Amino acid sequence: MGLQLFRFPYAALLRFFKSKSNMANDVIPSHSHPGSAGTKNNDNHRLYVGGLWEEIGNLQFSFLLSQGLCKEHVLLDIACGSLRLGVKVIPFLEPGHYLGIDKERMLIEKGISEELDESIFSEKKPILICNSDFDFNQFGVYVDMAIAQSLFTHITSPQICSCLANLRPWMKPESRFFATFFESESEVKNPSEPDDHGMFVYTRRQMEDFGTSQGFSMNYLGHWNHPRNQMMVEYRLC
Ligand SMILES: C[S@@+](CC[C@H](N)C(=O)[O-])C[C@H]1O[C@@H](n2cnc3c(N)ncnc32)[C@H](O)[C@@H]1O
């Protein structure tokens, strides 16, 4: 897969996590699991990503299947959070074919320790990176499908363009990138800074322009049964 994973014993792994800031660019080693799946201390990580854990996890998984996701595909989950989609799709995909990236180390760690079954983690070797700059080069892998579920609802337009620009080199001609957004009829003034608990709203035309500016064409898919009325678009290379 072209990615060098670090080999830490578990104690060293914990020290490694503690020594890093929240925004560091790190590959989370995929061979070591704390072994506490199912023993939830609290649900803060689920609340952080908006709750509706099962519903939105199942919704994403069934959507990707309906779009032709198969086990041989490499799937990139941009803003993977605590693996709400990951827990559904990692068991389905071949080992090393799930790539997840999120800026919040705590969310990824909770996903590994409290949501993902330990045996699935060892067997399927998901590749998880903590990074806030959409640095997909760290995976070093071409993707068949990518999804950003409820990411563009929290970030600025320059960040959306940066996400698309950084993804472009890792798309194949037939790859597809699905992204959700809150749609408005006319342009609104969004917050000037990203906010995980704020709301960013874009027009269909803005979403299309973000893509065009970075070499993508956009297909508007619209409603996909999202309980909070987020719409879906699909980007492909031009
Ligand atoms: C509403 S949650 C959705 C998480 C996930 N897609 C899901 O469906 O559970 C938004 C996520 O975007 C992540 N995020 C926001 N800005 C980001 C950035 N610049 N890079 C990576 N992740 C980011 C947050 O940390 C959070 O996990």
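A residue is taken to be near the ligand if its C-beta atom, placed from the backbone, lies within 6 Å of that molecule. With that criterion in mind, the tour of this predicted model may begin at the ligand.

**First stop: the ligand shell**

Select the ligand and display the residues around it, of which there are 22. Those that come nearest are A79, G81, R84, K103 and S150. Colouring the shell by residue class will show 10 nonpolar, 7 polar and 5 charged residues.

**Second stop: the whole chain**

Next, select the entire protein chain and switch to a cartoon view. The chain contains 8 helices and 9 strands. Its length is 238 residues, and 37% of these count as buried. Consider also the contacts between residues at least 6 apart in sequence: 69% of them join residues at least 24 apart.

**Third stop: L83**

Select L83, which is located in the loop that runs between β2 (75-78) and α4 (86-89). Its phi is positive, at about 70 degrees, although L83 is not a glycine. Is this residue buried or exposed? L83 counts as buried because 28 C-beta neighbours lie inside 10 Å, against a threshold of 20 or more.

**Fourth stop: L52**

Move now to L52, in the loop between α2 (44-48) and α3 (53-66). Here, too, a residue other than glycine has a positive phi, with a value near 50 degrees. The surroundings of L52 include 15 other C-beta atoms within 10 Å, and L52 is therefore partly exposed.

**Fifth stop: S175**

Select S175 in strand β6, which spans residues 171-183. S175 has 20 C-beta neighbours inside 10 Å and so counts as buried; the cut-off for that class is 20 or more. Which residues does S175 contact once its neighbours within four places in sequence are left aside? They are V143, D144 and M145. To see the relation to Y142, draw a distance between the two C-alpha atoms: S175 and Y142 are 8.9 Å apart in space, with a separation of 33 residues in sequence.

**Last stop: confidence**

Finally, colour the protein chain by pLDDT. The mean is 88, and 84% of the residues reach 70 or more. Then select residues 1-24, over which the pLDDT is below 50. Beyond near neighbours in sequence, this stretch has 29 contacts in the model. Where pLDDT is low, the predicted coordinates should not be read in detail.

Terms used:
Residues numbered from 1 in each chain as written. Predicted model: local features only at pLDDT ≥ 70, side-chain atom pairs only at ≥ 80, totals over all residues. Nonpolar A, V, L, I, M, F, W, Y, C, P; charged D, E, K, R; others polar. Helix = DSSP H or I, 4+ residues; strand = E, 2+ residues; numbered from the N terminus. Buried ≥ 20, exposed ≤ 12 C-beta atoms within 10 Å, placed from the backbone. Contact = placed C-beta atoms within 7 Å. pLDDT = per-residue confidence, 0-100.
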